[in-house]
Every structure is written in C-alpha cells, then in structure tokens.
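Student: I am new to this structure and would like a close look at a single part of it. Could you choose one strand, follow it through its surroundings, and then show me what else can be read in the same careful way?

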Amino acid sequence: MKQAIIDIGSNSMRVTVYEIDKATFRILFKEKIMAGLAGYVENKILSPEGIECAYTGLLKFKGILESLNIDHVAVFATASLRNIKNTTEAVSAIKATTGYDVEIISGEEEAFFGYTGALQDVKLLNGAFIDIGGASTEVVPFEKGAVLAATSFPVGSLSLYKDCVKKILPGDGSLKRLKKVISSEIRKQNTLIFEKRSPLVCVGGTSRAVLNIAKKLYALPSGCHTVSKAQLDHLCSKLYQSDRKAIDIVLKLEPARIHTIIPGIMILQHIFHLFDADEMVVSKYGVREGYLCQKII
C-alpha cells in the first residue's frame, strides 16, 4: 500500500509518500514548502494570510499526490495550528478548500511520535530525543528502551526569531533576549528531569542544518551523522559572533534558515548542556515516520 503523510509545521510543510509492506516501510517520495506559518501569528491568532498560505501549500501537495495516484493521505498539524486561538477556523478553512481533514496532535503526541520515528533509524536504548521545530521543541529522555517522559516546550526557531530578533542575524541584545526566553520556558516545565544522558537523538530542520554545517566546517565524512559537544559549542560561538566563514557556510548550505539557525541552535545548545551530553546523532526519520508506525501501520 502507498500512504502519504502531510505534516503542517510552524516553519515548513512536508509531504512524504511511503510504500508499506506489513510492518515495514520505505520512502518513495518527499517534498517540502518553507511556509513559515509561525510568522503569520499575532497574539496567538493565525492571520487570514497565514491560513491561505497553509491551504495553498496543501493544494500543491494534493496536486502532486493526485498525479501519483496516491489515494491514502493523512494530514496532521503540530504547533502551527495547535498553539493558536483560531484552530477551529483554520482547520475549517483548510477542509473547505482542500477537502483534507487535519488532525491536531498534542505536544506529548508529537514528542512520542518523533521519538518513535527517530528510533526506527537510530537503534539506541539510552539517551534523549530532541525535535526543534518552528514554534515548539519536543524532548523525550529514554532508558533501556523505555520513554521516561514526553514533553513539548513552546519555543521554536521561527517563533523565537519573530519575537526576539530585530535584524536577520541577532546582535548582543537579541542574543540575551533569546537566552532568557529559552531558559525561562524550559524552566517552567518541572515534569522533565534533566540529568546526564547521551547521545541526543535529534530531528528537525535545525538539527539537520547543524549537521550539514558541521560537516563542511570540520571536514567530517559525508556519511557522518554525529556532532560532538566540542564541535557544537565551537560552531555556536562562531555563529554568535557572526563569523564570516560560518555565516557563508550557512548561506551556501542552508540559505532558507539564515534567520532561524541561531535561535534554533541556541535551543539545541541549551538542552545539550542540561543533559550534559557528549554528542548528538541526527536521525533521518522523525514525527511523520512515528505517526506512520503508531497510527497507520
């Protein structure tokens, strides 16, 4: 069976088509749109332009799926539609325009699906899972293959940029604001116990960008999927200082993330140090694959 899953995220919208054979799957096709829906949110209201941006992206995906004769389609939204006051209005407009029913998954579900998906690729029994998105960050510490907690924090790379940064790259004042907001929002969640866990299994655009940039900056092998604590801290210091070489690498490899890479990497570094991790491992799978395994397969 061929199954498509569409993920309406706060920074990007993604569609992935899978071939399912009993309890296994393989990816046949994937596409993304950098919609930046978090940028259309004011006072927790997604603007009419933002709603239009969402259903326009879905209509593009729908055209692709129809051309591929894909009939089985599941659509879900994360913080993009979960953390707004006019969720019902947005979902209704999307349904009326595209015909798609959008499932809004909770922060805890998003964390658990992301963890489940990532561990289809990275086979580990101990560590912590992190998914840094556009408007939220999910964290799942796990031990002996069991989930200890599944938590979602309301901080993401795009929402932080929108709220804390005045220019494309943050200056000293913006860096201080970013650090304060990240620390405050994570401290509010007293259900999550931070103690030494390593490695960190990471998914999401920020983590993939960090890996790509680290590969270039440190001449890592093409097949490398890990970044050490020392490499992450060094990369962070370069970006915080607007080092020309580091910024040029971002512009060459991840131009669409030039404005969100520093807010995103600050979240990553903060959680990295809270867990006192030694390295991060970037998984090729994430929330869509977890949703596929848990809800469909």
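**A close look at strand E8**

Tutor: In this predicted model, the residues of strand E8 point in two directions, with Gly127, Phe129 and Asp131 facing one way and Ala128, Ile130 and Ile132 facing the other, and all of them are buried. This fits a general pattern, since in a regular strand the side chains alternate between the two faces of the sheet. The strand, which spans residues 127-132, is therefore mostly covered, six of its six residues being buried, where buried means under 20% relative accessible area.

We can now turn to the partners of this strand. E8 pairs with strand E9, residues 137-143, in the antiparallel sense, and six bridges hold that pairing. The two are joined by a hairpin that passes through four residues, and within the pair Asp131 stands opposite Glu138 of E9. E8 also has a parallel partner in strand E12, residues 200-203, to which four bridges join it. In this pairing Phe129 stands opposite Val201 of E12. Asp131 and Phe129, which point the same way from E8, thus give us one landmark for each pairing: Asp131 for E9 and Phe129 for E12.

The cysteines can be read with similar care. A search of the whole structure finds zero disulfides. Cys224 is in none, and the nearest cysteine sulfur, which belongs to Cys202, is 13 Å away. Cys224 counts as buried because its relative accessibility is 14%, which is under the 20% limit. For Cys236, the closest cysteine sulfur is again that of Cys202, and because the distance is 12 Å, it is too far for a bond, given that a disulfide requires sulfur atoms within 2.5 Å. Cys236 is buried as well, with a relative accessible area of 0%.

Finally, there is a pair of helices to consider. Two packed helices are described by the angle between their axes and the distance between the axes. Helix H7, residues 205-217, and helix H10, residues 261-274, have axes that come within 9 Å and cross at roughly 95°, so H7 is roughly perpendicular to H10. On the H7 side the contact is made by Thr206, Ala209, Val210 and Ile213, and on the H10 side by Ile261, Gly264, Ile265 and Leu268. Sorted by class, the contact of H7 with H10 has six nonpolar residues, two polar residues and no charged ones.

Methods. Residues are numbered from 1 along each chain as its sequence is written. This is a predicted model: local features need pLDDT of at least 70, side-chain atom pairs count only at pLDDT 80 or more; totals for chains, interfaces and linings use all residues. Side-chain values use heavy atoms; hydrogens and water are left out. Axes are lines fitted to C-alpha atoms, for helices over the stretch in contact, and angles run from 0 to 180 degrees between N-to-C directions. Angles under 35 degrees count as roughly parallel, over 145 as roughly antiparallel, 65 to 115 as roughly perpendicular and the rest as oblique. Contact means heavy atoms within 4.5 Å. Ala, Val, Leu, Ile, Met, Phe, Trp, Tyr, Cys and Pro count as nonpolar, Asp, Glu, Lys and Arg as charged, and the others, Gly among them, as polar. Buried means under 20% relative accessible area, exposed over 50%, partly exposed in between (1.4 Å probe, protein chains only). Two strands pair if DSSP finds at least two bridges between them.
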